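Please look through the sequence and the model below before reading on. The paragraphs that follow take up one region after another, so it helps to keep the structure in view.

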Amino acid sequence: MKASCFHLSTLKETPVDAEIVSHQLMLRAGLIRRLASGIYSWMPLGLRVLRKVENIVREEMDKSGGLELLMPSVQPAELWQESGRWDQFGPELLRLQDRHQRNYCLGPTHEEVIVDIFRRDIKSYKQLPVNFYQIQTKFRDEIRPRFGVMRSREFIMKDAYSFHASQESLQQTYDLMYQTYSNIFDRFGLAYRAVSADSGSIGGSTSHEFHVLADSGEDAIAFSDQSDYAANVEMAVAIPPQTERDQPGAAMEIIDTSGLYTIEDLTDKLDADIKKCLKTLIVDSDDDGLVALVLRGDHELNPVKTEKLLRVASPLRMAEREKIKRVLGSDIGSLGPVGLGITTYVDSSAGFVRDFICGANINDKHYINANWGRDCEEPTIADIRSVQEGDPSPDGQGSLKILRGIEVGHIFQLGQKYSETMQATVLDVNGKSVVTSMGCYGIGVTRVVAAAIEQNNDERGIFWPDSLAPFQLAICPLNYNKSEQVKHAADKLYADCLQRGIEVLLDDRPLRPGVMFSDMELIGVPHRIVLSDRGLNADLFEYKGRRDENSQDLALTNLPDFLNQLFSQECVRD
């Protein structure tokens with residue numbers, strides 16, 4: 001492609017509304033253009049990258065035996081009402097009506113549609129297992145779209161759905177898809193981790209997320225420094241202390257703590273170890289009551305774990321201050337487990353502490369030297385905290401480290417969540433009708449592009465992995481429109497690259513060298529060759545890799561062999 005014939009529209013300045021690097025660079029490099037909040041047009045340069053992501057996904061899905069189809073974006077309300085999600089999904093489901101006042105939605109996902117296809121077409125266990133997939137536009141009406149295509153309202157996703165006559169068959173396909181996803185992300189050329197995860201609103205049991213590692217990632221990932229264990233922090237098990245709790249020491253006392261409302265206030269004023277200060281959080285119960293959660297002062301509550309506890313309302317809700325004062329008689333900041341009188345869950349680390357400091361359930365009062373079993377009941381232990389770096393790995397091998405990740409893929413074992421509700425059945429070997437089990441497997445195609453940039457950038461712009469780059473090679477001829485020698489050499493090299501199958505961009509625009517080089521670095525072309533009169537007169541060309549600090553002058557006679565080595569293709573000579 002010649003740059004003069006390509007819509008290359010770069011920006012010098014960073015748009016003020018772009019918060020993260022990928023959003024900034026996608027706008028500056030001309031990959032996308034904003035149409036409305038959370039809705040973007042993919043420009044020619046960005047579409048080249050997007051198609052490469054799609055092609056890799058499609059090739060690996062086809063290798064796994066997946067069958068590609070394409071389902072409608074607009075879905076009738078009846079299907080969602082049948083599954084029970086029309087009311088459950090929430091405001092992210094964009095609802096609309098046609099001219100006949102019939103209700104529809106713009107699909108954020110396609111479980112209902114694929115189950116309807118399945119139950120119409122597949123009748124026998126002999127037709128199983130089957131795995132359908134599509135690469136298609138989704139819409140979720142995010143309350144606060146942000147970060148460009150990282151969290152947009154309209155996005156492209158690869159979603160696949162498998163059907164099985166048995167759990168064993170589902171597990172086999174799940175394992176196959178896990179390997180397929182690993183192959184896909186290997187081909188992307190991105191650093192990633194597959195982690196155990198919560199199934200969330202999709203439902204089901206077993207699930208794994210695939211995260212591209214990046215400091216800007218919204219998710220925290222815990223992984224062992226000595227094994228393959230990895231899990232989203234919301235799912236990682238906090239191992240309880242392996243020794244017995246020490247016997248109580250000094251007698252419990254009540255002290256005045258006026259003006260001390262946080263753990264930090266207490267530790268500073270009392271010169272206390274934060275690990276001996278216990279905090280008590282109050283959440284709503286599922287019967288309109290209250291539930292107390294007790295953690296060590298240096299630990300954070302894990303909402304995903306907590307909302308699975310008996311009596312805790314789901315989704316998890318922190319109780320209102322007025323309700324707490326009315327029921328418990330004191331304000332937040334002065335609460336503790338001694339004589340609290342409501343259902344209380346204590347994290348295992350908090351349950352191990354002796355002689356602890358806690359609220360006395362009287363405003364501006366705290367207990368010191370409180371102990372479980374002596375001053376209050378033995379704790380009901382539950383894993384309710386998020387793991388921290390340095391915690392023991394749940395598999396018993398090594399310690400945990402924490403990295404940030406961007407979720408770009410998620411695989412689920414749905415079981416019979418949708419197939420039972422919507423009667424997706426087949427006849428088994430005995431002619432008996434049985435409900436099928438389902439798997440669900442998604443990749444955020446547009447998000448992969450943004451995640452790749454978050455992981456691969458510098459102060460000059462993007463540096464793509466070779467497999468995702470919009471062009472593999474940029475030819476930058478100096479004075480292309482003024483020097484016949486340079487024009488001839490550039491055109492000859494350009495033709496040679498096309499013949500080799502190299503995706504090449506010839507920058508034939510009348511630009512100064514600095515502007516031309518800046519554009520190529522901004523858009524992230526992995527390889528750059530510069531041709532100039534001075535170089536050609538010395539039988540040299542200049543090469544610079546996008547990640548290289550410095551360029552190098554190489555012999556022009558070796559250019560064909562150099563291209564062959566660079567792109568691992570057979571050398572084609574004139």
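**A walk through the model**

Helix α12, made up of residues 484-500, lies across the strands β26 (473-477), β27 and β28 (527-531), and its direction makes an angle of about 170° with that of β26. The model in which this arrangement appears is a predicted one.

The strands under this helix lead us to the sheet that they belong to, which is an open sheet of 5 strands in the order β27-β26-β28-β29-β30, with mixed pairing. At its edges stand β27 (504-506) and β30 (552-555), each of which pairs on one side only, and from one strand to the next the twist averages 25°. As a general point, the strands of a sheet pair through backbone hydrogen bonds, and they may do so in a parallel or an antiparallel way. In this sheet, β29 and β30 run antiparallel and are joined by 4 bridges, and one pairing that can be followed by eye is that of glutamate 542 with its bridge partner in β30, aspartate 553.

Just ahead of β29 there is a backbone feature to look for. Aspartate 539 sits in the loop between α14 (533-537) and β29 (540-545), and it has a positive phi of about 55° although it is not a glycine. Is aspartate 539 buried or exposed, or does it fall in between? Its relative accessibility is 48%, and because the range for partly exposed residues runs from 20% to 50%, aspartate 539 counts as partly exposed.

Another helix to consider in this part of the chain is α13, whose buried residues are Met516, Phe517, Asp519, Met520, Glu521, Leu522 and Ile523. Just after α13 comes glycine 524, which takes a positive phi of about 85°.

From here we can turn to the enclosed spaces in the model. How many cavities of 30 Å³ or more are there? The count comes to 2, and the second largest of them, with a volume of about 60 Å³, takes us back to the elements just described. It is lined by Ala474, Met520, Glu521, Val525, Pro526, Arg528, Lys544, Gly545 and Arg546, and both α13 (513-523) and β29 supply at least two residues each to this lining. Sorted by class, the lining of the second largest cavity has 4 nonpolar, 1 polar and 4 charged residues.

The largest cavity has a volume of about 70 Å³, and its lining is formed by Ile20, Phe147, Met150, Ser216, Gly217, Glu218, Ile406, Glu407 and Arg447. Here the classes divide into 4 nonpolar, 2 polar and 3 charged residues.

Moving to the earlier part of the chain, we find strand β1 (residues 32-36) and strand β2 (residues 39-42), which run antiparallel and are joined by 4 bridges. Alanine 36 has isoleucine 39 in β2 as its bridge partner. The hairpin of these two strands has 2 residues between them, and in it glycine 38 takes a positive phi near 75°.

Further along, serine 73 lies in the loop between β3 (67-68) and β4 (74-76), where its relative accessibility of 31% makes it count as partly exposed. If its neighbours within four places in sequence are left aside, serine 73 is in contact with Cys105, Leu106, Gly107, His110, Gln136 and Thr137. Its C-alpha atom is separated by 56 Å from that of isoleucine 357, and these two residues are 284 places apart along the chain.

Some loops of the model hold backbone features of their own, including two cis peptide bonds. One of these bonds runs from leucine 128 to proline 129, with omega near -5°, and proline 129 is found in the loop between α5 (111-121) and β7 (130-139). Another joins serine 314 and proline 315, with omega at about 0°, and proline 315 lies in the loop between α8 (303-306) and α9 (321-328). Finally, glutamine 423, in the loop between α10 (417-421) and β21 (425-427), has a positive phi of about 60° although it is not a glycine.

Definitions and conventions:
Residues numbered from 1 in each chain as written. Predicted model: local features only at pLDDT ≥ 70, side-chain atom pairs only at ≥ 80, totals over all residues. Heavy atoms only, no water. Buried < 20%, exposed > 50% of the residue type's maximum accessible area, 1.4 Å probe, protein only. 1 Å grid on protein atoms, 1.4 Å probe; cavity = no way out; pocket = protein on both sides within 12 Å on 5 of 7 lines; lining within 4 Å. Points joined across faces, edges and corners; volume = space filled by probe spheres on them. Nonpolar A, V, L, I, M, F, W, Y, C, P; charged D, E, K, R; others polar. Pairing = 2+ DSSP bridges. Axes fitted to C-alpha atoms, helices over the stretch in contact; angles between N-to-C directions. Contact = heavy atoms within 4.5 Å.
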